[in-house]
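Okay, thanks everyone for coming. I'll walk you through one model today, so have a look at it and then we'll go through the fold, the packing and the confidence.

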Amino acid sequence: MKTILVPTDFSKCAYNAANYAVALAKATKAKVILLHVYQAPVPPPETYISPISITELYEANMKRLKKMADFELSINTETSELEINCEAKAGLVVSEIIDAAKKYNAGMIVMGTEGATGVIKKYILGSNAANVIAKSPCPVLAVPENAKYLGFKQIVFAADFHEVKNNSSFDSLAEISLLFDSKILILSVSKNKGDIPSITEAFEGLNLDKVFERIPNSFHNVVSEDTARKISDFVNTNNADLLVTMPQKHSYLELIFNKSITRDLVFHTQTPILCLPEKQ
C-alpha cells in the first residue's frame, strides 16, 4: 500500500488509530494522510454572535492536524522516511472520507471506532465507522480506543466461505501477514454440524490456496447459533492482535456490527477489526 488515510477528530481514540496507521506505514513504506472533516458552526438567528470565517476555521483545523502530525513524528524519530500529510475538509464526514480515499488511491483507511461524532460507547462501532466500512473502496482498519498496538503476530480471519472470485481482495491481509510474520487462524462458525466445510472446501470457496501459501495458517470451525459471541470468544482465547472479515450482505458484518450487540458482549477484547472489501 502506498497511502494510509487516517480520519481524525483529535480524540484519544483518533490518536490511538493514528498509532496503528504509523506502525503500518513504517512497515509498508506508505505515507500517512491525516484527514479532519468539519462543519462550519451556524449561530442561532437573532443573535449578535459573529460567525467564524471559513478561512479561520480551516486554519484552526490545519493547526490541530499539524500538531497531531508533529506528535506522531516526535515519537517515531527513528523513522526518517515517515511522511505525514494533513488535510482539512468541510462537509459530511462519511462522504468526505470516501472521497479522500478515492482521491489519494488509499491502500487502507485507519480510524477509531467511536467516530468523529462521539457515539454511545456501549456499541462496537459508531455510525460513521460502520458507514465508511460499507462504502469504502479499500480495506478499513477499525481501532478501539483502548486497543494497544503490539504488532500483528496472531490474526483471526472470520470467514463465511462464500466464493471470492478475485484474489486481490486479500492483498492487504497477505501484505500485513508477510511483513509482520503473522500466523492466520481461519475461523468458520457453523449453525449446525452438517454445515461444517472441510478444509479443502473452505479453501476452494475462498480461493485461498495461493493467497496463504507462504503464510502459516490453521483452519478452525465451531458450531453455534451465536456467531458474534463465538468469534469474540475465539479472538480472546487465542490472544489475537487483529480480527479480519470480508463484510457482505447477510454476512458477519450484520452480526458483528449490529447495534443490538454491545461492546461488552463482542468487543471486550479491544481487538482491531480489518474489513476487506470484495473486489470484482
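So, the protein has nine helices and ten strands. Keep in mind that this is a predicted model. The chain is 280 residues, and 50% of them are buried. If you take contacts between residues at least 6 apart in sequence, 83% of those join residues at least 24 apart.

Let's do the sheet. In what order do the ten strands sit? It goes 3-2-1-4-5-10-9-6-7-8, as an open sheet with mixed pairing. The edges are strand 3, residues 84–90, and strand 8, residues 217–223; each has a single partner strand, so one side of each has no neighbour in the sheet. From one strand to the next, the twist averages 25 degrees.

Zoom in on the strand 3 edge for a second. Strand 2, residues 31–38, runs parallel to strand 3, and seven bridges join the two. If you want a spot to click on, His-36 stands opposite Ala-88 of strand 3.

Now the helices lying on that sheet. Helix 2, residues 54–74, lies across strands 2 and 3, and runs at about 155 degrees to strand 3. Helix 1 lies across strand 1, strand 2, strand 3, strand 4 and strand 5. Against strand 4, residues 108–112, helix 1 runs at about 150 degrees.

Which brings me to the packing. The largest nonpolar core has 48 residues. Its most-contacted members inside the core are Ile-4, Leu-24, Val-110, Leu-141, Phe-157 and Leu-173. And which element gives the largest share of this core? That's helix 1, residues 12–28, with eight residues. There's another core apart from that one, with 30 residues, including Met-111, Val-132, Val-189 and Ile-231.

Leu-141 is a nice one to pull up. Leaving out residues up to four places away in sequence, Leu-141 touches Tyr-20 and Leu-24, then Met-108, Ile-109, Val-110 and Met-111, and also Leu-242, Pro-272, Ile-273 and Leu-274.

Helix 5, residues 171–179, is worth a look too. Its buried residues are Ser-172, Leu-173, Ala-174, Ile-176 and Ser-177. What covers them? The cover includes helix 1, plus strand 4, strand 6, strand 7, strand 9 and strand 10. Then, just after helix 5, Asp-181 takes a positive phi of about 55 degrees.

Quick word on cysteines. There are zero disulfides in the structure. Cys-13 counts as buried because its relative accessibility is 4%, with the cut-off being under 20%. Cys-275 is buried as well, because it comes out at 2%.

Last bit, confidence. The mean pLDDT is 79, with 72% of the residues at 70 or more. Where is it highest, and where is it lowest? Strand 1, residues 3–7, is the highest, at a mean of 97, and helix 9, residues 263–266, is the lowest, at 33.

Two stretches stay under 50. One is residues 115–125, where the model has 29 contacts beyond four places in sequence. Residues 249–268 also stay under 50, and there the model has 55 such contacts. Where pLDDT is low, the predicted coordinates shouldn't be read in detail. So that's my caveat for anyone zooming in on those stretches.

That's it from me, happy to take questions.

Note on methods
Residues are numbered from 1 along each chain as its sequence is written. This is a predicted model: local features need pLDDT of at least 70, side-chain atom pairs count only at pLDDT 80 or more; totals for chains, interfaces and linings use all residues. Side-chain values use heavy atoms; hydrogens and water are left out. pLDDT is the predictor's confidence in each residue, from 0 to 100. Helices (H or I, at least four residues) and strands (E, at least two) are DSSP runs, numbered from the N terminus. Contact means heavy atoms within 4.5 Å. A nonpolar core is a set of buried Ala, Val, Leu, Ile, Met, Phe, Trp, Tyr and Cys residues joined through side-chain atoms within 4.5 Å. Buried means under 20% relative accessible area, exposed over 50%, partly exposed in between (1.4 Å probe, protein chains only). A disulfide is a pair of cysteine sulfur atoms within 2.5 Å. Two strands pair if DSSP finds at least two bridges between them. Axes are lines fitted to C-alpha atoms, for helices over the stretch in contact, and angles run from 0 to 180 degrees between N-to-C directions.
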